[in-house]
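Visitor: Here is a model I would like to go through with you. Please justify each label you use as we go.

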Amino acid sequence: MKIYLTYAPISLFLIWLYLVIDSFKSLKHLKKISGKSYFNLMNPLLFLKSFRKANETEEFEEAFQKHKRNSRKHLIIWVVSIAIFIVVTFVVGILTATPKN
């Protein structure tokens, strides 16, 4: 239990850190192609607005689709990691609980 309580939050944090770094890499690539700022790319309303006005080149469309796929993949990884963390925490808690006699 002690090992789990020590390393599970650290591993969860490392997974999330990887997702953030990967998202920023994808945004950096979009910024390079479109010339838009990070703020416009991270804000969904400004992003959709700037996407409509952006050069609708094939390269930008390809980078945008890749960013969408990565974002969807990251969301799934994030949700699954939270679900696994919660389930395993409950199971470890139940298995290590001592009954009161």
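Guide: Read from the N terminus, the elements of this predicted chain run α-α-α-α. That is four helices and zero strands.

Visitor: How do you know that H4 has the span expected of a helix?

Guide: Helix H4 covers residues 58–96. At 1.5 Å a residue, its 39 residues should span 57 Å, and the end C-alpha atoms of H4 are 56 Å apart, so the two values agree.

Visitor: Which residues of H4 are buried?

Guide: The buried residues of H4 are Phe60, Ala63, Phe64, His67, Asn70, His74, Ser81 and Val92. Over the chain, buried residues make up 20% of the 101 residues.

Visitor: Why is Ser81 called buried?

Guide: Buried means under 20% relative accessible area. Ser81 has 10% relative accessibility, so Ser81 counts as buried.

Visitor: What is Ser81 in contact with, leaving aside its neighbours within four places in sequence?

Guide: Ser81 is then in contact with Leu12 and Trp16. Separately, a polar atom of the Ser81 side chain lies 2.8 Å from the backbone oxygen of Trp78.

Visitor: What makes that pair with Trp78 a polar contact?

Guide: The cut-off for a pair of N or O atoms is 3.5 Å. The distance between the Ser81 side-chain atom and the Trp78 backbone oxygen is 2.8 Å, so the pair is within the cut-off.

Visitor: Turning to helix H1, why is Phe13 called exposed?

Guide: Phe13 is in helix H1. Exposed means over 50% relative accessible area; Phe13 has 52%, so Phe13 is exposed.

Visitor: What surface patch does Phe13 belong to?

Guide: Phe13 helps make a nonpolar surface patch of about 740 Å², together with Ile3, Tyr7, Ile10, Leu14, Leu17 and Ile21. For the whole chain, the exposed area is about 8,000 Å², and carbon and sulfur atoms supply 68% of it.

Visitor: Why is Lys31 called partly exposed?

Guide: Lys31 lies in helix H1, residues 2–34. Partly exposed is the class between 20% and 50%; Lys31 has a relative accessible area of 33%, so Lys31 falls in that class.

Visitor: How far apart are Lys31 and Phe60 in sequence and in space?

Guide: Lys31 and Phe60 are 29 residues apart in sequence and 9.7 Å apart in space, C-alpha to C-alpha.

Visitor: What share of the chain's contacts between residues at least 6 apart in sequence join residues at least 24 apart?

Guide: The share is 62%.

Definitions and conventions. Residues are numbered from 1 along each chain as its sequence is written. This is a predicted model: local features need pLDDT of at least 70, side-chain atom pairs count only at pLDDT 80 or more; totals for chains, interfaces and linings use all residues. Side-chain values use heavy atoms; hydrogens and water are left out. Helices (H or I, at least four residues) and strands (E, at least two) are DSSP runs, numbered from the N terminus. Buried means under 20% relative accessible area, exposed over 50%, partly exposed in between (1.4 Å probe, protein chains only). Patches are made of residues with over 30% relative accessible area and no salt bridge: like charges are joined within 9 Å, nonpolar side chains (Val, Leu, Ile, Met, Phe, Trp, Tyr) within 5 Å. Accessible areas come from the Shrake-Rupley method with a 1.4 Å probe; for residues, only the protein chains shown count as cover. A salt bridge is a side-chain nitrogen of Lys or Arg within 4 Å of a carboxyl oxygen of Asp or Glu. Contact means heavy atoms within 4.5 Å. A polar contact is a pair of N or O atoms within 3.5 Å; within protein, one must be able to donate a hydrogen and the other to accept it, and residues adjacent in sequence count only if both atoms are side-chain atoms. The expected span of a helix is 1.5 Å times one less than its number of residues.
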